[in-house]
Amino acid sequence: MGRILRVPVLMLAAGLLLLLGAAGARADPELPTRTSWPLRGVPQVLRGFDPPSTPWGAGHRGVDLAGQVGDQVLAAAAGTVTYAGMLAGRGVIVVDHGAVRTTYEPVSPSVSVGTRVATGDPLGTLDAGHCADQACLHWGLIRGDTYLDPLLLAPSGQAGGSYRLVPASERTAAAKRATQRQALQQALPTAAPGSAAAHGFSFPVAAAITSPYGMRFHPILHVWKLHDGTDFGAACGTPILAPYAGVVTQRYFNEGYGNRLMVDHGTVDGRHVVSGFNHAVSYVVDVGDHVTKGQVLGYVGQTGYATGCHLHLMVWLDGELVDPMSWY
Ligand SMILES: [Zn+2]
Ligand SMILES: [Zn+2]
């Protein structure tokens, strides 16, 4: 009898949790809804967000976007300029959006304190000096005194130059899940950088495996389905390295998988091996390119159905989809 009662109670509790989760995801408009990349087009992420573990620690409190000196720097969202001037020898602009602020440097400002800007309005022009090898914009996102990943504001799912905007509520929920995922990482195995996996393959990113291949309750679609790959919980902007030499055979956008890339590795140890990379913010190789092991293929993102930044790795052996970890 206890058993009969327990099932409905558990179902009720699960239902309540789902309801609370849904309400939480809808309620919070802390991140602006209408956003723009702070440089024209879809800029390449040269360096990802890597927050320090202590407020005074070393790290990277924003992302670096590739640009050219003199490029127009654009407001990522509507707001009011609260700083526009020199700070420690470089031009810095801060735009207040209400609950969060965005920062831009090094920039020669064309706005001044108090200027109200709309999404995509020019703030000034890009200066040299932040990245060593080429001009780049350091873009920051701050809530209170907490630095957040600015790629949470990036218009995601871009394909062929068109943007698919993810609602702010979903981005906020994704950020929360990313935090929860970080807490989970301690308990999960970590792929060491370039660590020797089987068959001469190495892991494409050094990050914890946050979701293995197998059946799971889909966090966005809310149905049981096969999780057809291995998730690595790497930060947005983390370089994705070719696990093995091969040829790029496909590169396209898919609503679910986001920006996808397929690499055919040919025959390895008697099996025909193909790798699939999903959810990237962008790829830097194209169909027909020969890639070498360790070459940068692109950068981790959260395009498609993704609950936060991660790489979803897939592997086919002789045309059959398998658990990537059965090969790695
Ligand atoms: Zn930077
Ligand atoms: Zn996945």
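## Burial and the backbone at H279

A residue is called buried if 20 or more other C-beta atoms lie within 10 Å of its own, and exposed if 12 or fewer do. In this structure, which is a predicted model, H279 has 26 C-beta neighbours inside 10 Å and therefore counts as buried. H279 belongs to strand β19, which covers residues 271–280, and its phi is near 75 degrees, a positive value in a residue other than glycine.

Most residues other than glycine have a negative phi, and most peptide bonds are trans. With that background, the backbone at H279 can be set beside two further places in the chain, D318 and the bond between E105 and P106, which are described next.

## D318 and the cis bond before P106

Is D318 buried or exposed? Because 11 other C-beta atoms lie within 10 Å, D318 is exposed, whereas H279 is buried. D318 also has a positive phi, of about 50 degrees, although it is not a glycine, and it is found in a loop, the one that runs between β23 (311–317) and β24 (320–322).

At the other site the feature lies in the peptide bond itself: the bond from E105 to P106 is cis, with omega near -10 degrees. P106 is found in the loop between β6, which spans 101–105, and β7, which spans 107–109.

## Pairing around β9

Strands of a sheet pair through backbone hydrogen bonds, either parallel or antiparallel. The strand β7, which comes after the loop holding P106, pairs with β9 in the antiparallel sense over three bridges, and within this pairing V107 has L126 of β9 as its bridge partner.

Strand β9, made of residues 122–126, also pairs with strand β3, made of residues 72–74, again over three bridges and in the antiparallel sense. Here the residue of β9 that serves as bridge partner of Q72 is T125.

## An open sheet of three strands

Elsewhere in the model, which strands form an open sheet, and in what order? Three strands do so, in the order β16-β22-β20, and their pairing is antiparallel. The edge strands are β16 (239–241) and β20 (282–283), each of which pairs on one side only.

The contact between β16 and β22, the latter consisting of residues 296–299, is formed over three bridges in the antiparallel sense. One of the residues involved is P239, whose bridge partner in β22 is Y299.

Conventions
Residues numbered from 1 in each chain as written. Chains lettered and ligands numbered in written order. Predicted model: local features only at pLDDT ≥ 70, side-chain atom pairs only at ≥ 80, totals over all residues. Pairing = 2+ DSSP bridges. Helix = DSSP H or I, 4+ residues; strand = E, 2+ residues; numbered from the N terminus.
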